[in-house]
Amino acid sequence: MIRNALGSLMGLIGATAAVWSPFRAWYDGRHGRDYRIQELFSADGITDTKSALLGSILLPFLFAALLVLIAIVLRSRLLMAFAGVVVLGFAVLWMVRQGQAADGLSVGGDGQGLGDGLANAFGAGALLLLAAAVMSGRPSRRRRDRELDRAGERERERDRERDGARAYERDHDGVAPGTAPGPGAPPAPGTPGAPPASGAPGAWGRPDVDPGQGPPTSAWPTPPKDHP
């Protein structure tokens, strides 16, 4: 969950940088939105002709940003990585075509040579690939099945515990463990006022004598007195 959230945030930042890069200078102060997309695939290469906004290098970068949004919704590492490859691929292709048109590429100051727009494009592509590596993606079917099995086992265990508690209550006249008996229930053996258990000695030491009848008499018969 945390990895997917972090990867999604990195993907959004990378997509924003990719879309913003054509509005920055790419070479000799010329913005990326001025390069026509078909010039990257034609034999004539890059020319000085300006391009419409949606017909420029911005178009593939918008497509990459759309892939990033879909990847975030679907939690797809593959789509996130593919978006990074699209951004890096068009940036490299532009460098090849620009190098052919200018007989080489240079890096200089004062707006000459390669600009920060191209650097933004490469940074965005690398960030999208890193976001794909960070994301954990969607859980596999086997993993989801294991999680469902564990959840079902926990639910069955709770059901068995509830059934055991109900059976205990039925066997003990509805008295649950650890609770006091109801008003009409006899006191438990061993408590004050409880009758002696079966076979246990009574109050006078004999099991057959009721404590309410007084002390027991002798078990031996009294011999008759001699008469004169």
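Start with the nonpolar surface patch by selecting Leu-12, Leu-66, Leu-69, Ile-70, Val-73 and Leu-74, which together make an area of about 530 Å². Keep in mind throughout the tour that this is a predicted model.

Next, with the patch still highlighted, select helix α2, which covers residues 58-74. This helix gives the patch its largest share, namely five residues. Within helix α2, pick out Val-73, one of the residues that make the nonpolar patch. Is Val-73 buried or exposed? Its relative accessible area is 66%, and because the cut-off for an exposed residue is over 50%, Val-73 counts as exposed.

Now add helix α1, residues 2-20, to the selection and turn the view until both α1 and α2 can be followed along their lengths. Two packed helices are described by the angle between their axes and by the distance between those axes. For α1 and α2, the angle is about 165° and the axes lie 9 Å apart. Since angles over 145 degrees count as roughly antiparallel, α1 is roughly antiparallel to α2. Looking at how one helix passes the other, you will find that α1 makes a left-handed crossing with α2.

Finally, release the selection and show the whole protein chain, in which there are five helices and two strands. Following the chain along its sequence, you meet these elements in the pattern α-β-β-α-α-α-α. If you then colour the chain by accessibility, what share of its 228 residues counts as buried? The share is 26% of the residues in the protein chain.

Terms used:
Residues are numbered from 1 along each chain as its sequence is written. This is a predicted model: local features need pLDDT of at least 70, side-chain atom pairs count only at pLDDT 80 or more; totals for chains, interfaces and linings use all residues. Side-chain values use heavy atoms; hydrogens and water are left out. Patches are made of residues with over 30% relative accessible area and no salt bridge: like charges are joined within 9 Å, nonpolar side chains (Val, Leu, Ile, Met, Phe, Trp, Tyr) within 5 Å. Accessible areas come from the Shrake-Rupley method with a 1.4 Å probe; for residues, only the protein chains shown count as cover. A salt bridge is a side-chain nitrogen of Lys or Arg within 4 Å of a carboxyl oxygen of Asp or Glu. Helices (H or I, at least four residues) and strands (E, at least two) are DSSP runs, numbered from the N terminus. Buried means under 20% relative accessible area, exposed over 50%, partly exposed in between (1.4 Å probe, protein chains only). Axes are lines fitted to C-alpha atoms, for helices over the stretch in contact, and angles run from 0 to 180 degrees between N-to-C directions. Angles under 35 degrees count as roughly parallel, over 145 as roughly antiparallel, 65 to 115 as roughly perpendicular and the rest as oblique. A crossing is left-handed if the near helix is turned anticlockwise from the far one by less than a right angle, and right-handed if clockwise.
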